[in-house]
Amino acid sequence: MKQCESIIIGGGPAGLRAAKALLESGARVCLIDRNASMGGQLIKQTHMFFGSEKQHASTRGISIQHKLLSDVMRYGSRIEILSETHVVGVYQDKVIACMKDDRFFKMRGEAIIIATGASEKHLPFENNDLPGVYAAGAVQTLMNEYGIKPGHKVLMVGSGNIGLIVSYQLMQAGVEVVALAEAASQISGYHVHASKIKRHGVDILTNTSIKRALGETEVTGAELWKLDESWQGIEGSEWTIDLDTICISVGLAPLSELFQQVGANVEYVRELGGNVPVIDNTYQTTIDGVYACGDAIGIEEASSAMVEGEMTGIYAAHAMAKAHPNESTRLKALEEELAFLRSGPHAEKIRVGYKKRGEVS
Amino acid sequence: MIEKDGVAPLEMVAKEFPSDPDILYKPKAIIECYKEIPCNPCETSCPFDAITIGEDINKRPHIDFDKCTGCAVCVYNCPGLAITVRQINDEGALLKIPYEFLPLPQKGDSVNVINREGRVIGQGVVKRVQNTMRQDHTPLIHVETRKEHIMDAMTIEVIA
Amino acid sequence: MRIKAHPILSFEAQKAVPFTYDGQTLYGLKGDTIASALHANGIKKLSESIHRKRPRGFYCAIGNCASCNMVVDGQPNVRTCITPLKEHMDIRSQQGKGQVK
């Protein structure tokens with residue numbers, strides 16, 4: 001069986017920064033991702049990031065991907081990248097099972113970091129399974145990674161940052177966004193993102209949701225209706241729009257399967273997006289030597305995932321007796337970065353979530 | 001209403017303008033970042049230290065119009081595209097607007113001038129299209145329009 | 001459905017990749033996944049639901065949700081949204097759960 005010092009499952013912003021911290025500490029890293037290229041969802045983020053310079057603010061996600069990847073590639077033979085590799089099992093003796101090209105193999109590591117990210121949620125409504133109903137991030141992948149428009153006329157459901165940003169990116173690709181529907185009475189993402197699409201003519205409709213998708217074999221329209229203050233549909237308020245694509249942007253859920261599979265304690269925290277692993281203050285799960293970071297432990301912005309990733313890498317290195325050269329100063333600085341990223345009014349949900357899990361005071 | 005559709009009412013916008021209107025005879029950045037979000041590239045990108053957010057990056061930016069030269073570096077560094085540069089002169093109002101769509105207008109083109117709600121409020125003439133490598137795909141459209149639109153103009157629409 | 005011009009990204013010309021979809025010859029581009037190539041050809045329905053035979057397209061496009069499973073070169077349950085398109089692949093809509101040979 002192949003032996004590795006550290007294994008990182010997931011090559012997104014959290015996994016790449018964890019890899020960098022481990023490499024800086026002198027450790028060897030095996031970074032695994034099921035996709036052909038590393039970077040996770042950064043690969044389709046054509047917008048500039050928020051945050052401060054420390055989290056690459058004002059840089060487009062696609063450029064951050066290149067930066068994070070080159071940061072780890074310069075360590076040469078100490079970093080091994082396994083792409084198009086699916087981790088199908090993690091065991092308590094720190095053995096993982098993988099599939100690549102229909103071949104099955106096992107590896108053992110001294111530390112395993114699970115940074116699997118998240119998946120997009122869906123919304124219950126009639127005909128929500130018709131082809132043409134896509135997750136907002138899926139449409140972003142189709143457009144920005146493969147250069148293909150999802151359709152000609154799109155309804156966006158949900159006004160979080162993803163819904164607002166993907167609406168803008170649809171318009172940049174030359175697709176008409178006929179409306180954005182939000183069930184709540186206010187938009188939930190950053191107002192600057194809403195302003196960007198509103199000034200270019202997108203109708204932003206609050207207290208509004210989709211009642212059903214129209215079409216037999218694929219989407220040909222949507223029926224919308226107004227919601228009352230308790231989010232119940234108002235009979236008689238329905239109207240229809242002709243369109244070919246419905247984008248769902250109603251939040252993300254952490255990908256927690258591997259935590260459950262290895263037997264780590266997992267709890268449901270609604271504010272963090274769903275089932276999340278219990279972790280200690282070194283990002284270690286309840287399984288010795290198995291760590292977790294990024295969206296897999298709670299839905300936040302990619303900027304927080306990067307900070308968490310580096311901290312996790314430093315802690316994992318420490319546990320392997322490979323101290324990071326600036327261990328204590330880096331950890332202190334990263335704690336401060338996280339505190340600022342989580343201190344604004346938009347991070348209220350995250351603060352509640354972490355409090356529930358008993359971590360952030 | 002800003003909470004419902006991101007549109008700041010003009011009385012809110014007016015507070016981001018210099019209190020002395022004569023200041024706008026020189027170009028000045030008008031920052032429309034009305035809510036606290038964790039973000040500070042406007043502060044760190046400003047070559048003249050005119051914008052202050054401070055250690056807590058959630059705070060709203062404050063601009064010192066005495067220091068601002070209207071260079072527009074903050075305009076293309078703002079991830080929210082929430083900054084424009086505005087100036088009045090004897091002919092009208094001159095704006096530098098971030099514009100990330102195709103087709104780009106050309107110098108001399110007539111364009112529609114659009115307000116925050118996405119409505120056409122008038123016409124403008126493109127004086128310059130600034131699109132350097134440093135801007136990383138956020139071109140700036142320098143557009144001249146009527147003086148009365150100094151506050152309600154927000155973007156442009158290329159006339160097909 | 002291909003994006004011709006984009007203000008941020010550049011999509012360089014790629015080599016055409018022939019494949020068959022339910023026996024019909026179609027073309028994708030190098031760099032496509034199976035699902036993206038089908039979408040570019042206007043094909044949104046990828047499979048049918050197991051019990052009620054309802055049409056299914058992709059949903060997440062990053063390999064999480066299994067909504068895009070198809071039969072590829074005889075192998076069922078291939079996640080077409082993350083499987084790179086290769087020349088002369090035989091791609092078929094999937095009915096039912098699929099059988100492992």
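The exercises below, each with a worked solution, concern a predicted model.

**Exercise 1.** Identify the domains into which chain A is divided, and describe how they touch.

*Solution.* Begin with the bounds: domain 1 of chain A is made up of 2-119 together with 252-356, while domain 2 covers 122-248. Next take the C-alpha atoms of each domain, whose centres turn out to be separated by 31 Å. Then turn to the contact itself, to which domain 1 of chain A gives six residues and domain 2 of chain A gives eight residues. Finally, sort the side of domain 1 of chain A by class, which yields one nonpolar, four polar and one charged.

**Exercise 2.** Work out the order of the five strands in the open sheet of chain A, and find which strands lie at its edges.

*Solution.* Strands of a sheet pair through backbone hydrogen bonds, either parallel or antiparallel. In this sheet of chain A the pairing is parallel, and the order reads β8-β15-β9-β10-β11. An edge strand pairs on one side only, and this holds for β8 (133-135) and β11 (204-205) of chain A. Looking at one pair in detail, β8(A) is joined by three bridges to β15(A), residues 245-248, and here A:Tyr134 is found opposite A:Cys247 of β15(A).

**Exercise 3.** Determine which strands of chain A are touched by helix α3(A), and which ones helix α4(A) lies across.

*Solution.* Start with α3(A), residues 136-144, which packs on the sheet and touches β8, β9 and β15 of chain A, its direction making about 85 degrees with that of β8(A). Continue with α4(A), residues 161-172, which lies across β9, β10 and β15 of chain A and runs at about 165 degrees to β10(A).

**Exercise 4.** Describe how helices α1(A) and α7(A) cross, and which classes of residue make their contact.

*Solution.* First locate the helices, α1(A) at residues 13-24 and α7(A) at residues 302-319, whose axes come within 7 Å and cross at roughly 35 degrees. The crossing is right-handed. Among the residues that make the contact are A:Leu16 and A:Arg17 of α1(A), and A:Met306 and A:Ile314 of α7(A). Counted by class, this contact has 13 nonpolar, four polar and four charged residues.

**Exercise 5.** Characterise the side of chain B that touches chain A.

*Solution.* Count the residues in contact, which gives 34 in chain B and 32 in chain A. Then ask which elements of chain B give two or more residues to this side, and the result is α1 (2-5) and α3 (41-45), with α1(B) supplying the largest share, four residues. The last step is to divide this side of chain B by class, into 15 nonpolar, nine polar and ten charged residues.

Definitions and conventions:
Residues are numbered from 1 along each chain as its sequence is written. Chains are lettered from A and ligands numbered from 1 in the order in which they are written. This is a predicted model: local features need pLDDT of at least 70, side-chain atom pairs count only at pLDDT 80 or more; totals for chains, interfaces and linings use all residues. Two residues are in contact if their C-beta atoms, placed from the backbone, lie within 7 Å. Ala, Val, Leu, Ile, Met, Phe, Trp, Tyr, Cys and Pro count as nonpolar, Asp, Glu, Lys and Arg as charged, and the others, Gly among them, as polar. Axes are lines fitted to C-alpha atoms, for helices over the stretch in contact, and angles run from 0 to 180 degrees between N-to-C directions. A crossing is left-handed if the near helix is turned anticlockwise from the far one by less than a right angle, and right-handed if clockwise. Two strands pair if DSSP finds at least two bridges between them. Domain bounds come from an automatic or database domain assignment.
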